[in-house]
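The exercises below are meant to be worked with the sequence and the coordinates side by side. Each one sets a task and is followed by a solution in steps.

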Amino acid sequence: MRLGGRLAAAIEVLGDIAGRKRPAADALKDWGLSHRFAGSGDRAAIGNIVYDALRRRRSAGWLFDADTPRAQAFGALMLEWQQTPASLNAQLDGDRFAPPPLSDDEIHLAQSRRLEDAPAEIRADLPDWCVPLFEEVFGQDWVAEAAALSTRPPLDLRVNTLKADRPKVLAELSEVGAASAALAAQGIRIPPIDGSGRHPNVQVEPAFQKGWFEVQDEGSQMVAALAAATPGMQVLDYCAGAGGKTLALSAAMENRGQIFAHDSDKARLAPIFDRLRRAESRNVQVLSRLRELEALEGKMDLVLVDAPCTGSGTWRRRPDAKWRLTDRQLATRTGEQQSILDAAKAYVKPGGRLAYVTCSLFAAENARQIDAFLARDPGFAPLDHDRLWSGCFGGHAGAAYVERDRGISLTPARTGTDGFFFAALVRADAH
Ligand SMILES: C[S@@+](CC[C@H](N)C(=O)[O-])C[C@H]1O[C@@H](n2cnc3c(N)ncnc32)[C@H](O)[C@@H]1O
């Protein structure tokens, strides 16, 4: 397929996503199943146009003054693929699978508009209702922070120190542009790919099969490090899901002590078994039933609550979620977070820690959730997050947003990671 056919396919998929309000991955998969002639390179290119258009939906559409799949797809090629109206029309010329070329009116409009002149919410590529939420957290930096969430993400890996070290994994992956990550001690980064390219499928690498590394965003690795699990501890990972953080904690604990991995959803927990085997994590017990946790009450050195959240920090990877999210869903998530925190605290021993993590950037899910928890339970006190940050990432003062008594925020603009929030609370009393 030439660019024209790929562009037409991307417009069709964007129409499907908008019309049926369905996830981008599902729409792309269906398109692939009904167009089996398309090769893997075509699918990757179509996927890239679709994802770029979703990340830049407002700014791409603004160039053509239209919130349509056509405007978003053409706009994405101009903003992210260094195309111009003239270069696009030249490539579409004579391609019978291409969408209609840009009209004189469209060309005139796109050439007369400069993104620097667009309203702030357009440059931020945010739904209107999210603007005050970003302003609340980031003040005058809110547009830059939101815009950084609209860029292509890197592919990050975490070296499993139970089986390998970073130089060994880097040597294995030297051909795919892998380099040490800037902040996470065991992180490896493969930078975002330009244009129609795609990241290598690292999961077919022998080193992956041997458990030498996991795919994990650098921010996720950093919050696992901030949880400060050490060998010999008793740890409850209360929302373990597929075990991304469980595995990082297990490696930090050098397989010594005990991690209890729980999740209320057995289906989400299911992949953890294979991952634990491959990583040779031997200090993890998976407990899917709540009643199995009874014996742990008041005994844990560390309880990690990696809470269900809106995922607003991961919009680089799941840009369709940005446009589907509603304020009602945000309210539902904050309610769940509150009840999970209130339930999980019972397992912390006196002097132990409750660590709270989200991959969201909204204050309601993060610092305000911590304020409310501390107001409900004066038996917990916040750790000094300035000290925690400098203890873990000492050479990088100022890289993250750190509020001493409220927590630490990582963002694509500041730390070059997905957006994450971390707060640690110490149980001071003996009740
Ligand atoms: C952010 S995900 C966890 C990701 C995982 N820790 C990782 O690093 O891969 C949040 C998880 O919380 C789980 N969850 C939601 N409500 C819960 C509850 N009441 N108790 C325990 N887990 C819950 C969800 O099933 C989901 O797997």
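**Exercise 1. Into which domains is the protein divided, and how far apart are the centres of domain 1 and domain 3?**

Solution. The model is a predicted one, and an automatic or database assignment divides the protein into domain 1 (3-118), domain 2 (124-148), domain 3 (155-215) and domain 4 (218-427). Taking the centres over C-alpha atoms, the separation between domain 1 and domain 3 comes to 31 Å.

**Exercise 2. Describe the overall build of the protein, and decide whether its radius of gyration agrees with the globule rule.**

Solution. Begin with the secondary structure, which consists of 21 helices and 13 strands. For 431 residues the globule rule gives 22 Å, and the radius of gyration is 23 Å, close to that value, so the protein is as compact as a globular protein of that length. Next take the extents: the C-alpha trace spans about 75 × 45 × 40 Å along the principal axes. Two further totals complete the description, since 47% of the 431 residues are buried, and 70% of the contacts with a separation of 6 or more are between residues 24 or more positions apart.

**Exercise 3. Check the length of helix H5 (residues 69-80) against the expected span, and work out how far the helix is enclosed.**

Solution. The first step is the length: H5 has twelve residues, which at 1.5 Å a residue should span 16 Å, and the end C-alpha atoms are 16 Å apart, in agreement with the expectation. The expected figure uses one less than the number of residues as the multiplier.

The second step is burial. Eleven of the twelve residues of H5 are buried, so the helix is largely enclosed by the rest of the structure. The buried positions are Pro69, Arg70, Ala71, Gln72, Ala73, Phe74, Gly75, Ala76, Leu77, Met78 and Glu80.

The third step is to identify the packing partners, which for the buried residues of H5 are helix H1 (3-20), helix H3 (40-55), helix H4 (57-63), helix H6 (85-92) and helix H7 (104-112). Just after H5, glutamine 82 has a positive phi of about 55°.

**Exercise 4. Aspartate 65 and aspartate 125 are to be compared: what is the phi of each, and is each buried or exposed?**

Solution. As background, most residues other than glycine have a negative phi. Aspartate 65 has a positive phi, near 50°, and aspartate 125 likewise has a positive phi near 50°.

Then place the two residues. Aspartate 65 sits in the loop between H4 and H5, whereas aspartate 125 belongs to the loop between helix H8 (120-123) and helix H9 (131-138).

Finally, count neighbours. Aspartate 65 has 12 C-beta neighbours inside 10 Å and therefore counts as exposed, the cut-off for that class being 12 or fewer. Aspartate 125 has 26 other C-beta atoms within 10 Å and is therefore buried.

**Exercise 5. For leucine 28 and glycine 4, determine the helix, the burial class and the contacts beyond four places in sequence.**

Solution. Leucine 28 is part of helix H2 (residues 24-34). With 20 other C-beta atoms within 10 Å this leucine is buried, because the class begins at 20. Setting aside residues up to four places away in sequence, leucine 28 touches Val13, Gly47 and Val50.

Glycine 4 is located in helix H1 and is partly exposed, having 19 other C-beta atoms within 10 Å. With neighbours within four places in sequence left aside, glycine 4 is in contact with Gln91, Leu92, Asp95, Phe97 and Ala98.

**Exercise 6. How far apart in space are aspartate 384 and aspartate 405, and where does aspartate 384 lie?**

Solution. Locate aspartate 384 in the loop between strand S10 (380-382) and helix H20 (385-393). Its 14 C-beta neighbours inside 10 Å make aspartate 384 partly exposed. Aspartate 384 and aspartate 405 are 21 residues apart in sequence, and their C-alpha atoms are 6.0 Å apart.

**Exercise 7. Characterise the shell around the ligand by its nearest residues, its elements and its chemical classes.**

Solution. There are 16 residues around the ligand, of which Cys239, Gly241, Gly244, Ser264 and Asp265 come nearest. Helix H14 (244-252) and helix H18 (327-344) are the elements that give two or more residues to this shell. By class, the shell divides into six nonpolar, four polar and six charged residues.

Definitions and conventions:
Residues are numbered from 1 along each chain as its sequence is written. This is a predicted model: local features need pLDDT of at least 70, side-chain atom pairs count only at pLDDT 80 or more; totals for chains, interfaces and linings use all residues. A residue is near a molecule or strand if its C-beta atom, placed from the backbone, lies within 6 Å of it. Ala, Val, Leu, Ile, Met, Phe, Trp, Tyr, Cys and Pro count as nonpolar, Asp, Glu, Lys and Arg as charged, and the others, Gly among them, as polar. The radius of gyration is taken over C-alpha atoms; the globule rule is 2.2 Å times the number of residues to the power 0.38. Two residues are in contact if their C-beta atoms, placed from the backbone, lie within 7 Å.
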